[in-house]
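Please open the model in a viewer and keep the sequence panel in view. The tour below proceeds by selection, one stop after another.

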Amino acid sequence: MLEPVVALARLASYGEKNLSSIVGDILDKSWPTVSPGSRILVKPNLLLARELACASPEITAAVCGWLLD
């Protein structure tokens, strides 16, 4: 069983131009076991249709971009 890893980064906003790079760095450090051909489900939090109740689309896109790379 893999040990859980927590990684944090401070962002001024989700609109930062280097958001994909920041998310990629976090995922590189916290999820090094992903290999090409892995099947991964990305399930964003879709709780309510209001700010701060759902996963940020920018973060979700950055995570999906990292997985596709």
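Leaving aside neighbours within four places in sequence, with which residues is Leu19 in contact? They are Leu11, Tyr14, Glu58 and Ile59, where contact means heavy atoms within 4.5 Å.

Before the selections continue, two remarks on conventions are in order. This is a predicted model, in which local features need pLDDT of at least 70 and side-chain atom pairs count only at pLDDT 80 or more, while totals for chains, interfaces and linings use all residues. Residues are numbered from 1 along each chain as its sequence is written, and side-chain values use heavy atoms, with hydrogens and water left out.

**The whole chain**

Display the complete chain as a cartoon. It contains 2 helices and 0 strands; both terms refer to DSSP runs numbered from the N terminus (helices: H or I, at least four residues; strands: E, at least two). The C-alpha trace spans about 35 × 25 × 25 Å along its principal axes. Of the 69 residues, 16% count as buried, a class defined as under 20% relative accessible area, with exposed being over 50% and partly exposed in between (1.4 Å probe, protein chains only). Contacts between residues at least 6 apart in sequence include 51% that join residues at least 24 apart.

Now switch to a surface view. The accessible surface comes to about 6000 Å², computed by the Shrake-Rupley method with a 1.4 Å probe. Carbon and sulfur atoms account for 59% of that surface.

**Stop 1: Leu19**

Select Leu19, which is placed in helix H1. Why does Leu19 count as buried? Leu19 counts as buried because its relative accessibility is 5%. Next, add Ala62 and draw a line between the two C-alpha atoms: the separation in space is 7.2 Å, although the residues are 43 apart in sequence.

**Stop 2: Ala62**

Centre the view on Ala62, in helix H2. Ala62 is likewise a buried residue, at 6% relative accessibility. Not counting residues up to four places away in sequence, Ala62 touches Ser20 and Val23. For a second distance, select Glu51: its C-alpha atom is 19 Å from that of Ala62, with their positions 11 residues apart along the chain.

**Stop 3: Tyr14**

Move to Tyr14, in the segment before H1. Is Tyr14 buried or partly exposed? Its relative accessibility is 45%, so Tyr14 counts as partly exposed. With residues up to four places away set aside, Tyr14 touches Leu19, Ser56, Glu58 and Ile59. The C-alpha atoms of Tyr14 and Ile59 are separated by 7.3 Å, and the two residues are 45 apart along the chain.

**Stop 4: Ser56**

From Tyr14, follow the contact to Ser56. Ser56 is placed in the loop between H1 and H2 and is buried, with a relative accessible area of 10%. Add Asn45, which is 11 residues from Ser56 in sequence and 8.6 Å from it in space, C-alpha to C-alpha.

**Stop 5: Trp31 and its patch**

Finally, select Trp31, which lies in the loop between helix H1 (19-30) and helix H2 (57-68). Trp31 is partly exposed, with a relative accessible area of 32%. Add Ile40 and Val42 to the selection: with Trp31 they form a nonpolar patch on the surface, having about 220 Å² of accessible area together. Such patches are made of residues with over 30% relative accessible area and no salt bridge, like charges being joined within 9 Å and nonpolar side chains (Val, Leu, Ile, Met, Phe, Trp, Tyr) within 5 Å. A salt bridge is a side-chain nitrogen of Lys or Arg within 4 Å of a carboxyl oxygen of Asp or Glu.
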